[in-house]
Amino acid sequence: RIDTVKHVEHDTWKELKNALVDIKPDFKMIGEYYGASAGSNGGYLANGMMDSVLDFEFKSIAEKFVKGDIAGVENRLQERNQAITDISQLGQFLSSHDEDGFLATRIDGNKDLLKVAASLQMTAKGQPVIYYGEEIGMSGKNADFSVNRMGENRQSFKWDQVENNDLLDHYRKITNIRRENAEVFSRGDRESLHTDANVSVFKRSHDGENLLVGLNISDQDQKVSFDLDKNLGNKLIDIYNDNQEYIAEKGKVEITIPANSK
């Protein structure tokens with residue numbers, strides 16, 4: 001991770017990248033270019049400098065999603081999906097050491113909505129970047145010396161909050177699912193299958209492999225139905241919830257997406 005890439009000349013980054021690749025051909029660098037997003041990378045991608053830049057838009061995307069703009073966010077994520085290529089990558093994050101914490105300031109400490117936001121982050125194309133402590137519920141405001149506030153977002157890791165932590169259990173689950181299906185999530189296409197006031201169901205597909213993701217922002221279970229195309233067969237297996245099976249009838253399947261707390 002390269003901090004504040006804009007403060008170093010482009011030629012220097014190219015020389016550094018070339019030297020590193022000579023030593024280790026698969027070496028990758030992700031740069032922090034403040035304000036970067038899909039379609040705005042400051043010229044640091046696809047030109048022999050950075051392999052990826054941090055996506056400063058994603059936290060706003062996630063906030064809009066968990067606050068109900070599900071269809072709008074899905075449209076933006078499909079655009080973002082198209083913008084990311086092998087030589088033009090983005091690293092999506094929710095919080096960092098330089099900004100107010102997502103949990104503390106964008107969703108008023110609601111850890112159930114953080115689960116949904118983290119799932120959106122983990123199933124999106126690009127590289128999920130988790131700020132340390134977010135996975136156990138640590139969060140706070142950035143420093144503001146005008147009001148005599150030290151940085152609440154830079155505390156030491158709270159190891160006493162690791163055991164019996166429901167949020168951490170969720171992060172472990174979704175990161176393992178991401179790892180086990182890395183090609184689909186990091187490279188795959190994205191297609192929306194269903195959106196409503198509480199739910200998004202979308203398909204990620206790559207090289208003949210298909211995964212469906214269902215996210216629910218409501219505090220109640222939601223039943224949804226949608227058409228299942230022939231490439232998906234007639235059976236879905238819920239790999240997050242104990243491999244529960246759903247069978248399609250006449251090309252349509254009904255599934256239950258658990259409440260945000262689950």
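## Helix α5

At the front end of α5, N110 points a side-chain oxygen to within 3.0 Å of the backbone nitrogen of D112. Bear in mind that this is a predicted model.

The helix covers residues 111-122, and at 1.5 Å a residue its 12 residues should span 16 Å. Its end C-alpha atoms do sit 16 Å apart, so expectation and model agree. As for its surroundings, 10 of the 12 residues are buried, so α5 is largely enclosed by the rest of the structure. Among those buried residues are L113, L114, V116 and L120, but also K115, S119 and Q121.

## Strand β3 and its partners

Strand β3 (residues 89-93) is largely enclosed too, because 5 of its 5 residues are buried. Both of its faces are covered: Q89, G91 and F93 lie on one side, with L90 and Q92 on the other.

Who pairs with β3? Strand β2 (residues 52-55) runs parallel to β3, and the two pair over 4 bridges; here S52 stands opposite Q89. Strand β4 (residues 127-129) also pairs with β3 in the parallel sense, over 3 bridges, and there V129 is the bridge partner of F93.

## The cavity

Rolling a probe the size of a water molecule over the atoms shows where empty space is left. In this structure there is 1 cavity of 30 Å³ or more, and the largest cavity has a volume of about 100 Å³.

Its lining is made up of 13 residues, with Y131, Y132, M138, S139 and N153 nearest the centre. By type, the lining of the largest cavity splits into 3 nonpolar, 7 polar and 3 charged residues.

Methods. Residues numbered from 1 in each chain as written. Predicted model: local features only at pLDDT ≥ 70, side-chain atom pairs only at ≥ 80, totals over all residues. Heavy atoms only, no water. Expected span 1.5 Å × (residues − 1). Buried < 20%, exposed > 50% of the residue type's maximum accessible area, 1.4 Å probe, protein only. Polar contact = N/O pair within 3.5 Å; in protein donor to acceptor, adjacent residues only side chain to side chain. 1 Å grid on protein atoms, 1.4 Å probe; cavity = no way out; pocket = protein on both sides within 12 Å on 5 of 7 lines; lining within 4 Å. Points joined across faces, edges and corners; volume = space filled by probe spheres on them. Nonpolar A, V, L, I, M, F, W, Y, C, P; charged D, E, K, R; others polar. Pairing = 2+ DSSP bridges.
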